[in-house]
Amino acid sequence: MAEENMEALAAQREKAIVKTSVIGIVTNVLLAAFKAAIGMISNSIAVILDAVNNLSDALSSVITIIGAKLGAKQPNKKHPLGYGRIEYISSMLVAGIVLYAGITSLVESVKKIINPEKADYSVVSLIIIAVAIAVKLVLGQYVKKQGKKHNSGALVASGSDALFDAILSASVLASAIIYLVWGVSLEAYVGVIIAAIIIKAGVEMMIETLNDILGKRSDREEVKKIKKLICEEPAVRGAYDLIMYNYGPNKNYASVHLELPDTMTVDEVDKLTRRIQTNVYSKTGVILTGVGVYSFNTSDDEAAKIRNTVQKTVLEHEWALQMHGFYADTESKTMRFDVVLSFDVDRGEAIETLMQEVGRLYPDYKLQIIPDIDA
């Protein structure tokens with residue numbers, strides 16, 4: 001059932017991305033043609049660079065379509081979790097195109113500063129640039145909105161780029177008006193500013209996409225929501241070690257550990273975990289692929305006292321963020337628990353410190369302390 005819902009959502013998402021991208025391609029090609037004509041007639045490097053930027057946007061939209069199509073391919077034996085991460089590659093290519101456009105624009109603008117040429121603007125050209133600004137503002141807002149709605153990094157990047165273009169075109173228009181009114185030519189310098197902004201946008205897009213590819217911290221609010229849903233079950237004492245795995249936009253998997261009473265049977269645990277998996281998917285779209293179990297003592301008062309003492313000892317350290325999964329067997333003299341460690345401490349040294357401190361408190365017990373990361 002979960003897989004069927006995911007496939008339907010993926011098909012709907014792909015259709016929306018393609019439609020939005022086609023609108024972007026047509027609009028940008030038309031704008032590029034008009035601006036290129038104006039730039040050639042008026043001998044304006046700023047307008048020509050603006051036209052080139054529109055062409056790069058059109059190419060970005062083509063890449064976005066290709067990425068969406070490839071990313072929607074069905075899972076197979078070679079790639080059992082699908083091809084969703086291809087969209088991150090397409091986002092990287094879009095960022096690369098934006099960056100290249102910015103660098104080439106900078107080079108051409110610097111050339112015009114060194115060897116200036118007189119521009120010749122007409123009223124018609126100014127009107128066309130003004131209309132292009134309005135079109136880009138509307139297009140940028142639309143594409144960015146669709147990108148956020150369908151969780152498409154490439155569309156969000158294209159939408160942001162379109163909004164940048166509107167600002168850049170406005171600066172070109174302003175420099176043209178200044179030239180016509182006061183006779184001061186600023187277009188080459190405006191071209192440098194345009195190029196710098198484009199380069200900055202390209203670098204930021206590239207960094208954001210790299211973070212997606214490398215893997216970044218899960219959204220705190222989403223993690224809290226999933227843990228809250230899990231802990232709504234009366235038998236669940238706590239949910240820990242929730243790790244999210246992303247295999248493309250809207251393709252999120254996760255694993256988690258539940259702390260359950262040591263009296264539960266395997267059959268009861270099986271029914272509980274299946275119920276939790278269904279509930280979490282229906283309300284968040286996240287598929288829990290693995291559910292581990294910690295047991296906690298329910299009837300041993302001595303074990304409860306040991307837990308309180310050990311927890312107090314562990315959490316006295318600033319780098320020990322949380323202790324969970326505690327279980328003590330007072331008959332066999334064994335004790336085990338997990339500790340969430342800060343990234344600021346050496347994990348080996350931290351565990352060695354805890355082993356010594358807890359070992360001094362309970363020398364007769366065999367200890368097992370597992371380090372967890374602050375994910």
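**Notes on pockets, patches and salt bridges**

1. Let me start with Tyr189: its relative accessibility is 47%, so it counts as partly exposed. This residue is found in helix α6. Keep in mind throughout that we're looking at a predicted model.

2. Tyr189 belongs to a nonpolar surface patch of about 760 Å², together with Ile113, Ile177, Leu180, Val181, Trp182, Val184 and Leu186. Which helix puts the most into this patch? It's α5, whose share is 4 residues. Tyr189 could be admitted because a patch takes residues with over 30% relative accessible area, and Tyr189 has 47%.

3. On to the empty space. The largest pocket holds about 840 Å³, and 33 residues line it. If you want to find its centre in the viewer, pick out Tyr88, Glu208, Asp212, Lys216 and Asn246, the lining residues that lie nearest to it.

4. Where does that lining come from? Helices α3 (86–114), α4 (123–149), α5 (153–182) and α6 (187–214), plus strand β1 (238–246), each put in at least two residues. Helix α6 is the top contributor, with 8 residues. That makes α6 worth a second look, as Tyr189 of the nonpolar patch sits in this helix as well. As for chemistry, the pocket lining splits into 12 nonpolar, 11 polar and 10 charged residues.

5. How many cavities of 30 Å³ or more does the structure hold? There is 1, with about 120 Å³ of space in it. Its lining runs to 17 residues, and those nearest the centre are Asn28, Asp57, Ser61, Val143 and Ser158. Unlike a pocket, a cavity is a space where the probe fits but cannot get out.

6. The cavity draws at least two lining residues from each of α1 (2–42), α2 (45–71), α3, α4 and α5. Helix α5 has the largest share here, 5 residues. So α5 turns up repeatedly: it leads in the nonpolar patch, leads in the cavity lining and supplies at least two residues to the pocket. By class, the cavity lining has 7 nonpolar, 7 polar and 3 charged residues.

7. Now the salt bridges, of which there are 5. One of them joins the side chains of Glu233 and Arg275, at 3.0 Å from N to O. Glu233 sits in the loop between α7 (220–231) and β1, while Arg275 sits in helix α8 (residues 266–284), so this pair ties together parts that are 42 residues apart in sequence. The partners don't share an exposure class: Glu233 is buried at 17% relative accessible area, whereas Arg275 is partly exposed at 43%.

8. Another bridge has the side chains of Glu259 and Arg307 meeting at 3.9 Å, N to O. This one links distant parts of the chain too, with Glu259 in strand β2 (residues 252–261) and Arg307 in helix α9 (residues 301–314), 48 residues apart. Are these partners buried or exposed? Glu259 is buried, at 0% relative accessibility, and Arg307 is buried at 13%. Note that the N to O distance of 3.9 Å still passes because the cut-off is within 4 Å.

9. The Asp270 and Arg274 bridge is a local affair. Its closest N and O atoms are 3.0 Å apart, and both residues lie in helix α8, 4 residues apart, or about one turn of the helix. Asp270 is partly exposed, with 33% relative accessibility. Arg274 counts as exposed because its 53% relative accessibility is over the 50% mark. Helix α8 is home to Arg275 from point 7 as well.

10. Last, two backbone spots to check. Asp241 isn't a glycine, yet its phi is positive, about 55°; the residue lies in strand β1, one of the elements that help line the largest pocket. Lys333, another residue other than glycine, has a positive phi near 60°. Where is Lys333? You'll find it in the loop between β4 (320–329) and β5 (334–341). With 31% relative accessibility, Lys333 counts as partly exposed.

Conventions. Residues numbered from 1 in each chain as written. Predicted model: local features only at pLDDT ≥ 70, side-chain atom pairs only at ≥ 80, totals over all residues. Heavy atoms only, no water. 1 Å grid on protein atoms, 1.4 Å probe; cavity = no way out; pocket = protein on both sides within 12 Å on 5 of 7 lines; lining within 4 Å. Points joined across faces, edges and corners; volume = space filled by probe spheres on them. Nonpolar A, V, L, I, M, F, W, Y, C, P; charged D, E, K, R; others polar. Patch = residues over 30% accessible without salt bridge, like charges linked within 9 Å, V, L, I, M, F, W, Y side chains within 5 Å. Areas by Shrake-Rupley, 256 points an atom, 1.4 Å probe, with all protein chains shown as cover. Buried < 20%, exposed > 50% of the residue type's maximum accessible area, 1.4 Å probe, protein only.
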